[in-house]
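User: I would like to go through some of the labels given to this model and hear the reasoning behind each one. Please set every value against its cut-off.

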Amino acid sequence: MDKSVLVALSGGLDSTVTAILLKKQGYKVSGIHFALYTNDNKGKQEELYGVTQKIGIPLHLLDIKDTFDKTVINYFTSEYLNGRTPCPCSFCNVNIKWDVLYNYAVKNGFDYIATGHYVKKTSHNSVPRIKQSRDINKDQSYFLWGLPTKIISKSITPLGDFLKSEVRDIAKSNGFTNLASKPESMGVCFLRGENYRDFLKSRINTTKKGPILAADGSCFGEHNGIYNFTIGQKKDISNLPKGYCVTKINAENNSIIVGPWDNLFYNTIRLKNCLTPSLPEGYHDKIKIMIRGFGKNPQKECTILIESDNKATILLDDPAWAPMAGQPTAIYKDDVLLGGGYLYDYYNR
């Protein structure tokens with residue numbers, strides 16, 4: 001096989017095994033590493049050169065720190081300051097990582113791109129789509145709902161057919177025992193373990209305090225910045241009645257609203273910036289799908305009403321608890337990812 005593939009390499013287990021698998025399959029493999037933030041230093045690059053030399057592939061390095069800061073970190077900060085709860089990994093995958101990977105590959109003549117995501121590829125109504133992985137506990141399809149079909153059609157995602165334990169075994173059998181035994185990195189990459197509130201505080205010049213109110217107007221104190229709160233939160237609010245939590249974040253008047261936690265069940269949500277490429281534009285009929293993205297809620301059976309202005313109304317068969325404005329919501333048909341959107345409103349019909 002003489003087809004070339006450009007693999008996004010982080011230096012971690014999954015992307016390394018992706019490169020190993022593709023080389024064994026006969027592809028002409030090259031790796032590329034994106035320097036995203038200031039902590040991504042020379043030591044990391046030397047480590048990556050060691051990995052790629054061991055596999056026997058060339059390594060490309062691309063510094064996109066400024067773009068990452070202006071795009072992902074600004075989005076992360078702005079969403080919290082506007083009373084919304086962002087998902088930076090979903091935003092970054094679509095707007096930075098896969099987009100930059102695709103454009104670099106096209107510019108430099110690569111046939112395919114590849115990543116270490118636990119997802120599969122399929123087609124739905126003749127449209128290339130992402131599908132949930134074999135290892136459902138590691139499935140990352142939720143973060144890729146916004147990928148355009150041109151990128152999906154050029155991508156290879158070999159880990160979608162493997163369990164995480166099998167990926168570790170592949171790494172060990174190819175001489176990467178240390179990588180195979182490393183604990184998984186969790187959380188938002190650019191925080192590097194730092195509390196997100198402390199990170200936000202370092203990016204904000206001033207903190208605007210405001211009231212913590214109940215629906216009847218009674219005051220439970222003063223907050224130290226709405227970015228410190230999310231829907232359903234009880235922590236850091238003193239004197240709350242039993243069963244109370246944050247039920248609304250009002251950025252317009254800089255207030256936090258609290259109330260009973262069981263007031264947070266909603267059976268209707270609305271999405272904007274909705275991407276459903278496998279459905280006709282302006283499609284208004286009802287279809288049964290699966291949806292997820294509501295904190296700890298499992299996937300929900302629902303009906304979706306597609307609107308012509310890239311919005312959608314989701315009618316849930318069972319209410320979801322604590323939907324959060326700003327959170328991406330992924331739309332599935334069985335295990336095939338059809339698209340998604342950003343949650344901006346919720347209510348009970």
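User: Why is Glu184 called partly exposed?

Analyst: Glu184 has a relative accessible area of 35%, and because buried means under 20%, exposed over 50% and partly exposed in between (1.4 Å probe, protein chains only), the middle label applies to Glu184. This is a predicted model, in which local features need pLDDT of at least 70 and side-chain atom pairs count only at pLDDT 80 or more, while totals for chains, interfaces and linings use all residues. Residues are numbered from 1 along each chain as its sequence is written, and side-chain values use heavy atoms, with hydrogens and water left out.

User: What makes the contact between Glu184 and Lys138 a salt bridge?

Analyst: The closest N and O atoms of Glu184 and Lys138 are 2.7 Å apart, and a salt bridge requires a side-chain nitrogen of Lys or Arg within 4 Å of a carboxyl oxygen of Asp or Glu, so the pair qualifies. Glu184 sits in the loop between helix H7 (177-181) and helix H8 (196-203), whereas Lys138 sits in the loop between E6 and H5, and the two residues are 46 apart; helices (H or I, at least four residues) and strands (E, at least two) are DSSP runs, numbered from the N terminus. Through shared partners, salt bridges join Asp14, Lys138, Lys164 and Glu184 into one network.

User: How do you know that Arg134 and Glu166 tie together separate parts of the chain?

Analyst: Their salt bridge has its closest N and O atoms 2.8 Å apart. Arg134 lies in the loop between strand E6 (127-132) and helix H5 (149-153), and Glu166 in helix H6 (residues 164-173), so the pair ties together parts that are 32 residues apart in sequence. Both partners are partly exposed, Arg134 with a relative accessible area of 43% and Glu166 with 25%.

User: Which labels do Asp63 and Lys65 receive, buried, partly exposed or exposed?

Analyst: Asp63, with a relative accessible area of 53%, is exposed, while Lys65, at 22%, is partly exposed. Their side chains meet in a salt bridge of 3.0 Å, N to O, and a search of the whole structure finds 10 salt bridges.

User: Why is there no bond between the sulfurs of Cys92 and Cys189?

Analyst: A disulfide is a pair of cysteine sulfur atoms within 2.5 Å, and the sulfur of Cys92 is 6.2 Å from the closest cysteine sulfur, in Cys189, which is too far for a bond. Cys189 is accordingly in no disulfide, and the search of the whole structure finds zero disulfides. Cys92 is buried, with a relative accessible area of 5%, whereas Cys189 is partly exposed, at 28%.
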